[in-house]
Amino acid sequence: MKQHSSEVLRIFRDMQRDRLDLHVMFESSGNEPGGRAQVLDAVDDLVRQGFLQSAGGDFYSLTDKGKQALAEDQKKPPSR
């Protein structure tokens, strides 16, 4: 999984939500134009891979695959 995609996926875990608005993801990434483009690319990537699904409007929700990926990520030791 791409770096930015895994960072966007972690926003769901950090906010303890299964469904988020794109604007929340933008704010979490610093809300800069370059950051917004990276978030959009990451969301598209995560949808294509089946980790997220569109939930209408600007909302996206975790799929079972996304929830499983976050659970597995949580088990990994922190990187230094």
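Axes here are lines fitted to C-alpha atoms, for helices over the stretch in contact, and angles run from 0 to 180 degrees between N-to-C directions. Keep in mind that this is a predicted model.

**Exercise 1. Work out how α1 sits against α3, and which residues make the contact.**

Step 1. Start with the geometry: α1 and α3 pack with their axes 8 Å apart, at an angle of about 85 degrees.

Step 2. Turn the angle into a word. Anything from 65 to 115 degrees counts as roughly perpendicular, so α1 and α3 are roughly perpendicular to each other.

Step 3. Now list who touches whom. On the α1 side you'll find His4, Ser5, Val8 and Leu9, while α3 brings Gln38, Val39, Ala42, Val43, Asp45 and Leu46.

Step 4. Sort them by class: the contact of α1 with α3 has 6 nonpolar, 3 polar and 1 charged residues.

**Exercise 2. Do the like for α1 and α4, then find out what Asp73 is up to there.**

Step 1. Helix α1 covers residues 3-14, and its axis lies 10 Å from that of α4, at an angle of about 85 degrees.

Step 2. That makes α1 roughly perpendicular to α4.

Step 3. From α1 come Leu9, Arg10, Phe12 and Arg13, and they meet Gly66, Ala69, Leu70, Asp73 and Gln74 in α4. By class, the residues of this contact split into 4 nonpolar, 2 polar and 3 charged.

Step 4. Zoom in on Asp73, which sits in helix α4 (residues 64-75). Buried or exposed? The cut-off for buried is under 20% relative accessible area. Asp73 comes in at 16% relative accessibility, so it counts as buried.

Step 5. Check its partners. Beyond its neighbours within four places in sequence, Asp73 is in contact with Arg10 and Arg13. With Arg10 there is a side-chain to side-chain polar contact of 3.0 Å.

**Exercise 3. Describe the largest nonpolar core and trace Val43, Leu22 and Tyr60 through their contacts.**

Step 1. How many residues are in the largest nonpolar core? It has 17, and Phe12, Met25, Val43 and Leu52 are those with the most contacts inside it.

Step 2. Ask which elements supply it. Two or more residues each come from α1, α2 (22-28), α3 (33-49) and β3. As background, nonpolar side chains in soluble globular proteins tend to be buried together.

Step 3. Take Val43. Leaving out residues up to four places away in sequence, Val43 touches Val8, Leu22, Met25, Leu52 and Tyr60.

Step 4. Follow the link to Leu22, a residue of helix α2. Its relative accessibility is 10%, so Leu22 counts as buried. Leu22 and Val43 are 21 residues apart in sequence, yet their C-alpha atoms are 8.8 Å apart. Going past residues up to four places away, Leu22 touches Val39, Leu40, Val43, Asp58 and Tyr60.

Step 5. Move on to Tyr60, in strand β3. With a relative accessible area of 15%, Tyr60 is buried. Outside its neighbours within four places, the contacts of Tyr60 include Phe12, Leu22, Met25, Val43 and Leu52. For a distance check, the C-alpha atoms of Tyr60 and His23 are 11 Å apart, with their positions 37 residues apart along the chain.

**Exercise 4. Compare three residues: Ser61, Phe51 and Gln16. Which are buried, and which are exposed?**

Step 1. Ser61 belongs to strand β3 (residues 59-62). At 12% relative accessibility, Ser61 counts as buried. Aside from neighbours within four places, its contacts are Phe12, Asp18, Arg19, Phe51, Leu52, Gln53 and Ala55.

Step 2. Phe51, one of those contacts, is in the loop between α3 and β2 (52-54). Being in a loop doesn't put it outside: Phe51 is buried, with a relative accessible area of 8%. Apart from neighbours within four places, Phe51 contacts Met1, Leu9, Leu46, Ser61, Leu62, Thr63, Lys65, Gly66 and Ala69.

Step 3. Gln16 is a loop residue too, between α1 and β1 (19-21). Exposed means over 50%, so Gln16, at 72% relative accessibility, counts as exposed.

Step 4. Look at the backbone of Gln16 as well: its phi is near 55 degrees, a positive value in a residue other than glycine.

Step 5. Put it together: Ser61 is buried, Phe51 is buried, and Gln16 is exposed.

Key. Residues are numbered from 1 along each chain as its sequence is written. This is a predicted model: local features need pLDDT of at least 70, side-chain atom pairs count only at pLDDT 80 or more; totals for chains, interfaces and linings use all residues. Side-chain values use heavy atoms; hydrogens and water are left out. Helices (H or I, at least four residues) and strands (E, at least two) are DSSP runs, numbered from the N terminus. Buried means under 20% relative accessible area, exposed over 50%, partly exposed in between (1.4 Å probe, protein chains only). A polar contact is a pair of N or O atoms within 3.5 Å; within protein, one must be able to donate a hydrogen and the other to accept it, and residues adjacent in sequence count only if both atoms are side-chain atoms. Contact means heavy atoms within 4.5 Å. Angles under 35 degrees count as roughly parallel, over 145 as roughly antiparallel, 65 to 115 as roughly perpendicular and the rest as oblique. Ala, Val, Leu, Ile, Met, Phe, Trp, Tyr, Cys and Pro count as nonpolar, Asp, Glu, Lys and Arg as charged, and the others, Gly among them, as polar. A nonpolar core is a set of buried Ala, Val, Leu, Ile, Met, Phe, Trp, Tyr and Cys residues joined through side-chain atoms within 4.5 Å.
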